[in-house]
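Reader: I would like a close look at a single part of this protein, followed from its start to its neighbours and then set in the whole. Please take me through that part with care.

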Amino acid sequence: MNITTQYNQHNLFNLHNRIDSLINDYSKLLVIRIDFGIQKTMGMEVHSSFMKEAFTRLRNNMRNQPLFNHLVSYVAKLEYTPDKSWHYHVIFFFNGQLVQRDCWLSQQIGNYWNTVITRGIGVYYSANLHHEDYRFNGIGMIEHQDTQKINHLKLTAQYLTKIDDNIQGIHLSNDGSRTIRTFFMSEYQPKQKNKGRPRNTVD
């Protein structure tokens, strides 16, 4: 049976606008895509509220954690599947002029989730460690003139705006609430055009 993936068009529009703003403001972006979860031995018992609290700790800690010194934006999606329970898909955008080594950085962020944020019960998957597995490679270092890789980034990122049918009909929190926010995007103020970096133009 052919099932067409549906996307939240409002979130997709905002996400693409965010990527365009970042590409306009930075000559290079280092893009890291990570999935955050909980060990399978505990995953089935974890409610969405636990994952939301863990992700809130991560966001709060970003302010003082050196790993995120040059982070310029992020987007995240909380998802539920029967085999993985609750988990996050996250894309981090770093200033590529100041940060390199995406594989190393993604490992450090993943380990930070495992050991500090979830206190030893977390798991992570880094797409940056598996570039070869992706048909459309929109992660790693992306330069502002690389239109193909930017388009691949948008294709990679649009998954985070997918409408999640698995969430329908299940308890979404410990108190039985039926509503939950699943899409997150950090605040970002685009640079003023007259203060932005110079662009090379082609006649």
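Author: In this predicted model, asparagine 8 caps the N-terminal end of helix 1, with one of its side-chain oxygens lying 3.1 Å from the backbone nitrogen of histidine 10. The helix that begins there covers residues 9–25, and its 17 residues reach 24 Å from the first C-alpha to the last, which is close to the 24 Å expected at 1.5 Å a residue.

Along helix 1, the buried positions are Asn11, Leu12, Leu15, Arg18, Ile19, Leu22, Ile23 and Asp25, a list in which leucines and isoleucines appear beside Asn11, Arg18 and Asp25. These buried residues pack against several strands, namely strand 1 (28–38), strand 2 (71–81), strand 3 (85–95), strand 5 (140–143) and strand 6 (183–185), and also against helix 5 (147–157).

The meeting with helix 5 can be described in further detail. The axes of helix 1 and helix 5 come within 10 Å and cross at roughly 145 degrees, and the crossing is right-handed. On the side of helix 1, the residues in contact are Leu15, His16, Ile19, Asp20 and Ile23, and they meet Ile150, Leu153, Lys154 and Ala157 of helix 5. By class, this contact is made up of six nonpolar residues, one polar residue and two charged residues. Leu15, Ile19 and Ile23 belong to the buried set of helix 1, and these three residues also take part in the contact with helix 5.

As for the setting, the protein has five helices and six strands, which run α-β-α-α-β-β-α-β-β-α-β from the N terminus on. Of its 203 residues, 47% are buried, and among the contacts with a separation of 6 or more, 71% join residues 24 or more positions apart.

Away from helix 1, two backbone details deserve a careful look. Most residues other than glycine have a negative phi. Arginine 101, however, has a positive phi of about 55 degrees although it is not a glycine, and it is found in the loop between strand 3 and helix 4 (102–117). Arginine 119 likewise has a positive phi of about 55 degrees without being a glycine, and its place is in the loop between helix 4 and strand 4 (122–126). Both arginines are exposed, arginine 101 with a relative accessible area of 57% and arginine 119 with one of 63%.

Terms used:
Residues numbered from 1 in each chain as written. Predicted model: local features only at pLDDT ≥ 70, side-chain atom pairs only at ≥ 80, totals over all residues. Heavy atoms only, no water. Helix = DSSP H or I, 4+ residues; strand = E, 2+ residues; numbered from the N terminus. Expected span 1.5 Å × (residues − 1). Buried < 20%, exposed > 50% of the residue type's maximum accessible area, 1.4 Å probe, protein only. Contact = heavy atoms within 4.5 Å. Polar contact = N/O pair within 3.5 Å; in protein donor to acceptor, adjacent residues only side chain to side chain. Axes fitted to C-alpha atoms, helices over the stretch in contact; angles between N-to-C directions. Left-handed = near helix turned anticlockwise from the far one by under 90°. Nonpolar A, V, L, I, M, F, W, Y, C, P; charged D, E, K, R; others polar.
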